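Hi,

Here is the structure we talked about, ready for you to open. My notes on what turned up are below it.

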Amino acid sequence: MPKEPFIINRIKSIGFAFKGLFILIRTESSIQIQLVIALAVTLAGFYFGISKTEWMLQCICIGMVMGIEGLNTAVEKIADYIQPEYDKKIGLIKDISAGAVMVVSIVAVIVGCIIYWPKVF
């Protein structure tokens with residue numbers, strides 16, 4: 001079977017990535033909640049007229065939280081596929097993956113407080 005041209009292969013990869021993103025948004029409540037929060041802080045950014053640097057930090061935080069949440073979901077799906085029954089080691093793996101989401105979420109909240117606290121109060 002001949003190898004696909006590079007451009008065609010990249011276009012297909014982008015299509016698969018969008019498919020995964022839409023599945024994630026449609027099926028995962030945690031991503032749906034984070035998407036609402038992302039939209040709210042984006043609107044807040046326009047309302048308060050945050051600086052370019054603040055926009056960059058906010059976008060990085062949104063991307064990190066949602067990206068790590070996507071990876072967490074993938075880890076959980078793989079773990080459930082490998083071991084559908086309760087398993088202490090699989091539980092530990094899932095907890096660690098969820099902990100990674102917690103870390104970036106805490107940092108995102110701190111960044112949000114640094115950006116918005118002076119503007120609100």
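How many aromatic pairs does the structure hold? There are five. Keep in mind as you read on that this is a predicted model.

Let me start with one of those pairs. Phe-18 and Phe-22 have ring centres 6.1 Å apart and planes at 25 degrees; planes under 30 degrees apart count as stacked, so this pair is stacked. Both residues sit in helix α1, which covers residues 6–27, and they are four residues apart, or about one turn of the helix. Phe-18 has a relative accessibility of 45%, so it counts as partly exposed. Phe-22 is partly exposed too, with a relative accessible area of 48%.

Another pair is Phe-46 with Trp-55, and this one is tilted: the centres are 4.9 Å apart, with 55 degrees between the planes. Is Phe-46 buried or exposed? With a relative accessible area of 61%, Phe-46 is exposed, because anything over 50% counts that way. Its partner Trp-55 comes out at 21% and is partly exposed; the cut-off for buried is under 20%, so Trp-55 does not qualify.

There is also a cluster to look at: Tyr-47, Phe-48 and Tyr-116 are linked by ring pairs.

Now the overall picture. The protein has four helices and zero strands, so to speak an α-α-α-α run from the N terminus on. Its radius of gyration is 18 Å, whereas a compact globule of 121 residues would have one near 14 Å. Along the principal axes, the C-alpha trace spans about 60 × 45 × 20 Å. Of the 121 residues, 21% count as buried.

On contacts, if you take those with a separation of 6 or more, 66% are accounted for by residues 24 or more positions apart. One example of residues that are distant in sequence is Ser-105 and Val-65: they are 40 residues apart along the chain, yet their C-alpha atoms are 5.9 Å apart in space. Ser-105 belongs to helix α4, residues 88–120, and is partly exposed at 22% relative accessibility.

Last, the surface and the charges. The accessible surface comes to about 9,100 Å², and 75% of that belongs to carbon and sulfur atoms. As for charged side chains, the protein has 11 positive and 9 negative ones, and the centres of the two sets lie 9 Å apart.

Cheers

Terms used
Residues are numbered from 1 along each chain as its sequence is written. This is a predicted model: local features need pLDDT of at least 70, side-chain atom pairs count only at pLDDT 80 or more; totals for chains, interfaces and linings use all residues. Side-chain values use heavy atoms; hydrogens and water are left out. Helices (H or I, at least four residues) and strands (E, at least two) are DSSP runs, numbered from the N terminus. The radius of gyration is taken over C-alpha atoms; the globule rule is 2.2 Å times the number of residues to the power 0.38. Buried means under 20% relative accessible area, exposed over 50%, partly exposed in between (1.4 Å probe, protein chains only). Contact means heavy atoms within 4.5 Å. Accessible areas come from the Shrake-Rupley method with a 1.4 Å probe; for residues, only the protein chains shown count as cover. Lys and Arg count as positive and Asp and Glu as negative; His and the chain ends are not counted. The place of a charge is taken as NZ of Lys, CZ of Arg, CG of Asp or CD of Glu. Rings of Phe, Tyr and Trp (its six-membered ring) pair if their centres lie within 6.5 Å; planes under 30 degrees apart count as stacked, over 60 as edge-to-face and the rest as tilted.
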